Amino acid sequence: MWDTLRNAWKVEDLRKKLVYTFLMLVLFRLVGVIPVPGVDASSVSQAAAQYDMLGLLNMMTGNTFSQMTVMAMGITPYINSSIIMQLLAVAIPSLERLQKEGGEEGRRKINRITRYMTVGLAALQAIGIIAGLQRTYQVVLPAYQNFFGYVSIGIIMAGGTALAMWIGERITKKGIGNGVSLLIFAGIISNLFNGILTAFTDAVGITNYGANFWQFLVIVISLLVITTLVTFVDCGERRIPVQYAKKVVNRKIYGGQSTHIPLKVIAVGVLPLIFAYSFLSFPSTIFAMFGAQSGVYQWWARYMGQTSFWYMLVCALLIVAFSYFYTSITFNPRDIADNLQKQGGNIRGIRPGKNTVDYLTRTSNRLTLFAGLFLAVLATVPTLLSVWNHVQIPFAASSILIAVSVAIETVRQVEAQLVMRHYKGFL
């Protein structure tokens, strides 16, 4: 591994991308310590520890929400806007045509609309959360307890989200890996060490004399098991054998070789988890506008809290649904079948044309079902442990899944860059 890192550093283009990505992540974390004026961070931290939805937002933003910095909303509004645009593209024919037939110009227009929607949604969510918490925790300072004060807080937090969105897009374009995923990864890693350290100090009786050491062992074992399972399943793939017909050109025979089409077991990556959590956090933001002690918010916190049965069920169903949805927009079996037929290839035992499309669709659906169920089960493991014997897991399985998956995906991109330059990769 160290030899590979040295080889990667020797490639000038790859070295620039790695340095660029690192500096952008440092910028993201540095900006994340600038406080939002007019808000009491200690009161927000107390609310985040009490309400599950705010704790989830705090986890996704790398603890910047409880500290109430300009990056408090993080990249979550951008994810929500992307989901909304994907759904609108299905419902509105003009957006669907722009997405499918608009080419590069169409994608730029959709991205522009998504950015504007992100800023507006971030401001709306920020104002809604602050106004809701103000009724119970008095999080807003007296000088800002007016219309212009709330608007200014919302604009500042929306500006932080816009900056995070810009950093993510720059990393995707000029760096290594997916920028949005790396920003979430940076936040998760920043909290992971503190969570494990706190659990250890509680277990040995330094900070919490009522904690049991075996609970710390459960935490460590759960972390190792989840990391191993995620790594093992994420590296798995379904290989579909393909045979190419022989061709005679100028008395020379071409083709006739056998190869395969690799289909990843979890081709959807971490996006279904991110989409599901972001989708579930949106209603709590709307209900927070009525106040943390309002009936509608209390009903949502009671029946849709992270430890409730209905939350786990809805979250699991959303993960499976978003797995199929993401697969449907990223995997086109008809295009693969047409390319195989043009190149004189066919899947062994399957006729070209419609039969190949049906076979690829059936195989993809089976892999997507397994991926969705696997992600759903992993997402509920920490909650089940907490409900079962009150073992407080300082990190969610989804955060470990996101961290491991993003790390593997980034390493694969580095490996691909090295393979193109005839270097040995991470094997």
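The mean pLDDT of the chain is 79, with 83% of its residues reaching 70 or more, and these values belong to a predicted model. Confidence varies among the elements of the chain, from a lowest mean pLDDT of 59 in strand 3 (residues 252-255) to a highest of 91 in helix 8 (residues 147-174). Over residues 423-427 the pLDDT is below 50, although this stretch has 14 contacts in the model beyond near neighbours in sequence. Where pLDDT is low, the predicted coordinates should not be read in detail.

Helix 8 can be taken up again through its packing against helix 2 (residues 12-31), for the axes of these two helices come within 9 Å and cross at roughly 170°. An angle over 145 degrees counts as roughly antiparallel, and helix 2 and helix 8 are therefore roughly antiparallel to each other. On the side of helix 2 the contact is made by Lys17, Tyr20, Thr21, Met24, Leu25, Leu27, Phe28 and Val31, while helix 8 contributes Leu163, Ala164, Trp166, Ile167, Arg170, Ile171 and Lys174. By class, the residues of this contact between helix 2 and helix 8 divide into eleven nonpolar, one polar and three charged.

A second helix pair is formed by helix 5 (residues 76-91) and helix 7 (residues 103-137), which pack at an angle of about 130° with their axes 8 Å apart. Helix 5 and helix 7 are therefore oblique to each other, and their crossing is right-handed. Helix 5 enters the contact with Pro77, Tyr78, Asn80, Ser81, Ser82, Ile84, Met85 and Leu88, and helix 7 meets these with Ile110, Ile113, Thr114, Met117, Thr118, Leu121, Ala122 and Gln125. The contact of helix 5 with helix 7 has ten nonpolar and six polar residues but no charged ones.

The strands may be considered next. Three of them form an open sheet in the order 4-1-5, and the pairing is antiparallel. Strand 4 (258-264) and strand 5 (345-347) are the edge strands, each of which pairs on one side only. On average, and with direction ignored, neighbouring strands of this sheet are turned by 35° against each other. Strand 1 (residues 237-244) pairs with strand 5 in the antiparallel sense over three bridges, and Tyr244 has Gly345 of strand 5 as its bridge partner. Helix 14 (residues 333-342) lies across strand 1, strand 4 and strand 5, and runs at about 130° to strand 5.

Notes. Residues are numbered from 1 along each chain as its sequence is written. This is a predicted model: local features need pLDDT of at least 70, side-chain atom pairs count only at pLDDT 80 or more; totals for chains, interfaces and linings use all residues. Side-chain values use heavy atoms; hydrogens and water are left out. pLDDT is the predictor's confidence in each residue, from 0 to 100. Helices (H or I, at least four residues) and strands (E, at least two) are DSSP runs, numbered from the N terminus. Contact means heavy atoms within 4.5 Å. Two strands pair if DSSP finds at least two bridges between them. Axes are lines fitted to C-alpha atoms, for helices over the stretch in contact, and angles run from 0 to 180 degrees between N-to-C directions. Angles under 35 degrees count as roughly parallel, over 145 as roughly antiparallel, 65 to 115 as roughly perpendicular and the rest as oblique. Ala, Val, Leu, Ile, Met, Phe, Trp, Tyr, Cys and Pro count as nonpolar, Asp, Glu, Lys and Arg as charged, and the others, Gly among them, as polar. A crossing is left-handed if the near helix is turned anticlockwise from the far one by less than a right angle, and right-handed if clockwise.
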